[in-house]
Amino acid sequence: MNITVNPQYIKQDIEETVEIMWDSVETAEKYTLERKTNGKTFVAIYEGLDLSFTDTIILPNATEIEYRVKATLPTPETPEEEIPEETV
């Protein structure tokens, strides 16, 4: 299951570096940070448990850059199926 988390803070220090930070999600197994450039498809640029990432590779000729973060949560366990008792 993925939940989209809005980045809490985006800071552009210099033209080639963008620092992205986000809030934690309880029980998250990992976070996936994705980047979309010039309205194209989102591409994963980070996966892990950190709550921030510094993007140092901004593509040339990019006029619009968008980020999104997804938290991957554990899959709920399915309850064991009860076996009906047999009377013999």
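The legends below describe an overview and five close-up views of a predicted model.

**Figure 1. Overview of the strands, burial and contacts in the predicted protein.**
The protein holds 0 helices and 7 strands; helices (H or I, at least four residues) and strands (E, at least two) are DSSP runs numbered from the N terminus. Along the sequence the pattern reads β-β-β-β-β-β-β. Of its 88 residues, 26% count as buried, where buried means under 20% relative accessible area, exposed over 50%, and partly exposed in between (1.4 Å probe, protein chains only). The exposed area of the protein is about 6900 Å², and carbon and sulfur atoms supply 48% of that area; accessible areas come from the Shrake-Rupley method with a 1.4 Å probe, and for residues only the protein chains shown count as cover. Among the contacts (heavy atoms within 4.5 Å) with a separation of 6 or more, 59% join residues 24 or more positions apart.
Residues are numbered from 1 along each chain as its sequence is written, and side-chain values use heavy atoms, with hydrogens and water left out. Because this is a predicted model, local features need pLDDT of at least 70 and side-chain atom pairs count only at pLDDT 80 or more, while totals for chains, interfaces and linings use all residues.

**Figure 2. Salt bridge between Arg68 and Glu34.**
A salt bridge is a side-chain nitrogen of Lys or Arg within 4 Å of a carboxyl oxygen of Asp or Glu, and the count by this rule is 4. In the pair shown, the closest N and O atoms of Arg68 and Glu34 are 2.5 Å apart. Arg68 belongs to strand E7 (residues 65–72) and Glu34 to strand E4 (residues 30–37), so this pair links distant parts of the chain, 34 residues apart. Arg68 counts as partly exposed, at 27% relative accessibility. Glu34 counts as buried, at 11%.

**Figure 3. Salt bridge between Asp55 and Arg35.**
The side chains of Asp55 and Arg35 meet at 2.6 Å, N to O. Asp55 lies in strand E6 (residues 52–55) and Arg35 in strand E4, and the pair links distant parts of the chain, 20 residues apart. Asp55 is buried, with 3% relative accessibility. Arg35 is buried as well, with a relative accessible area of 13%.

**Figure 4. Salt bridge between Glu66 and Lys36.**
Here the closest N and O atoms are 3.7 Å apart. Glu66 is in strand E7 and Lys36 in strand E4, so the salt bridge ties together parts that are 30 residues apart in sequence. The relative accessible area of Glu66 is 32%, which makes this residue partly exposed.

**Figure 5. Surroundings of Thr32 in strand E4.**
Thr32 counts as buried, at 8% relative accessibility. Leaving aside residues up to four places away in sequence, Thr32 touches Ala44, Tyr46, Glu47, Arg68, Val69 and Lys70. One of these neighbours, Arg68, is also the salt-bridge partner of Glu34.

**Figure 6. Surroundings of Thr54 in strand E6.**
Thr54 counts as partly exposed, at 39% relative accessibility. With residues up to four places away in sequence not counted, Thr54 touches Thr17, Val18 and Glu19. The C-alpha atoms of Thr54 and Met21 are separated by 8.7 Å, and the two residues are 33 residues apart along the chain.
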